[in-house]
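Here is a friendly walk through one fold, from single side chains out to the sheet and the helices around it. Keep the viewer open as you read.

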Amino acid sequence: MISPSAPPPDEDRAVTTTRPLKPRDIALFERDGFVLLPGFFDALEIAPLREGCLADPTIGGRLRAVADSAGNAQEVIVWTAFSDDYLGMVPRLARLVDAADALLGKPSYHWHSKLSMKAPHTAGRWDWHQDYPYWYDEGCLRPDMLTCMIAVDRVTQANGCVTLVQGSHLLGRINHVRIGEASGCDPVRLDLIRQRLPSVPVEMEPGDACFFHANTLHASGANTSDFPRTILHCSYNTIENSPFIGQGQQHHGYKPFAKLPDSVLLDRVWKHVFKNHEFNDMRNDGKTDAYGYKEMTRS
């Protein structure tokens, strides 16, 4: 069943952010399909995650790889569950939830989060795609969804920053097809779109954030640099858009939650960065996942 559009009375959403979005931020998101927010997180807030990923770039051996269209490995780890670890707290921050509510115009909840990691001199890339075609298949009736990408490392074109197609969210849901070892936007339509709309590489410093709409076309290239590129993605869905599919989508369904004050990262309320955090299971068997990506066997 589709959840109600307003939070139930027993849900604690009274905490509010100390860094609300400005009307101009919302206007840019509505016009362009994304809005870049420099310094949305302080460097000290991001430092524990950056240091944790540098010290353990495989996230305790749980990082997995999916193939891009050319068969190169693209490393990612996904979660929907909350926890008392750093990674389990970030998606509940008032800063993120309030921004998602403001940009979507309705109460929202955490859909899922992921770390997208590119080691130095690795060829893996994310092919051109929208997020909503995948989430549509998971039972969301409307594209009332977005993602906030947060730079953990310095993110540049050299190490594989995300590129967004400005205004592409206004095109609606575009058919995605099989492309080599992966899936992505219909290439013929993609070429026509990119002739008409500008592509914007989103370079960021640690702590910068960029919110983008679920229908905004995006991609990222290989890491040709000597430096890692890690981005934290936190995605949100409106409560009333919770998937109507029950079986197999329990992890994506709306559940009441309590927002956390923006201060919890600097106050170090968390005990570990990701040591005890629960990540979603990903196969490691070379088969294709529900999104059409080949999950690669790791040696």
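Cys-53 counts as buried because its relative accessibility is 5%. This is a predicted model, and a search of the whole structure finds 0 disulfides in it. Why is Cys-53 not in a bond with the closest cysteine sulfur? That sulfur belongs to Cys-234 and lies 13 Å from the sulfur of Cys-53, which is too far for a bond. Cys-234 is in no disulfide either, and its nearest cysteine sulfur, that of Cys-148, is 6.4 Å away. Cys-234 is also buried, since its relative accessibility is 0%.

The table gathers the buried residues that have their own value in this report.

| Residue | Relative accessibility |
|---|---|
| Cys-53 | 5% |
| Cys-234 | 0% |
| Val-35 | 2% |
| Ser-183 | 7% |

Now for the nonpolar interior. The largest nonpolar core has 54 residues, and Leu-96, Leu-115, Phe-211 and Leu-232 are those with the most contacts inside it. Helix H4 (residues 94-104) gives the largest share of this core, 6 residues. A second, separate core has 12 residues, among them Ala-151, Cys-161, Val-162 and Ile-231. Leu-115 has a long list of contacts beyond its sequence neighbours, including Leu-49, Cys-53, Ile-59, Val-76, Trp-79, Leu-87 and Leu-232. Ile-231, named above in the second core, is also touched by Leu-115.

H4 deserves a look of its own. Of its 11 residues, 10 are buried, so the helix is largely enclosed by the rest of the structure. The buried set includes Leu-96, Val-97, Leu-103 and Leu-104, and also Arg-95, Asp-98 and Asp-101. Which elements cover these buried residues? The cover includes the helices H1 and H2 along with S4, S6, S11 and S13. Gly-105 follows H4 and has a positive phi, near 80 degrees.

Next comes the sheet. It is open and has 7 strands, ordered S1-S11-S6-S13-S4-S3-S2, with antiparallel pairing. S1 and strand S2 (64-67) are at the edges with a single partner strand each, so one side of each has no neighbour in the sheet. From one strand to the next, the twist averages 25 degrees. Strand S6 (residues 145-151) and strand S11 (residues 209-213) run antiparallel and are joined by 5 bridges. Ile-150 stands opposite Ala-209 in S11.

Two helices pack on this sheet. Helix H1 (residues 23-32) touches S1, S6 and S11, and its direction makes about 140 degrees with that of S1. Helix H2 (residues 43-55) touches strand S4 (108-118), S6 and strand S13 (229-238), and its direction makes about 45 degrees with that of S4.

Back at one edge of the sheet, Val-35 is found in strand S1 (residues 34-37). Is Val-35 buried or exposed? With 2% relative accessibility, Val-35 counts as buried. Beyond its sequence neighbours, Val-35 touches Asp-25, Leu-28 and Phe-29, as well as Ala-209, Cys-210 and Phe-211. Val-35 and Glu-181 are 146 residues apart in sequence and 31 Å apart in space, C-alpha to C-alpha.

One last stop is Ser-183, which has its place in strand S9 (residues 182-185). Ser-183 counts as buried at 7% relative accessibility. Its side chain makes a polar contact with the side chain of Tyr-134, at 3.0 Å.

Technical notes: Residues numbered from 1 in each chain as written. Predicted model: local features only at pLDDT ≥ 70, side-chain atom pairs only at ≥ 80, totals over all residues. Heavy atoms only, no water. Helix = DSSP H or I, 4+ residues; strand = E, 2+ residues; numbered from the N terminus. Buried < 20%, exposed > 50% of the residue type's maximum accessible area, 1.4 Å probe, protein only. Contact = heavy atoms within 4.5 Å. Core = buried A, V, L, I, M, F, W, Y, C linked by side-chain atoms within 4.5 Å. Disulfide = S-S within 2.5 Å. Polar contact = N/O pair within 3.5 Å; in protein donor to acceptor, adjacent residues only side chain to side chain. Pairing = 2+ DSSP bridges. Axes fitted to C-alpha atoms, helices over the stretch in contact; angles between N-to-C directions. Lists of a residue's contacts leave out its neighbours within four places in sequence.
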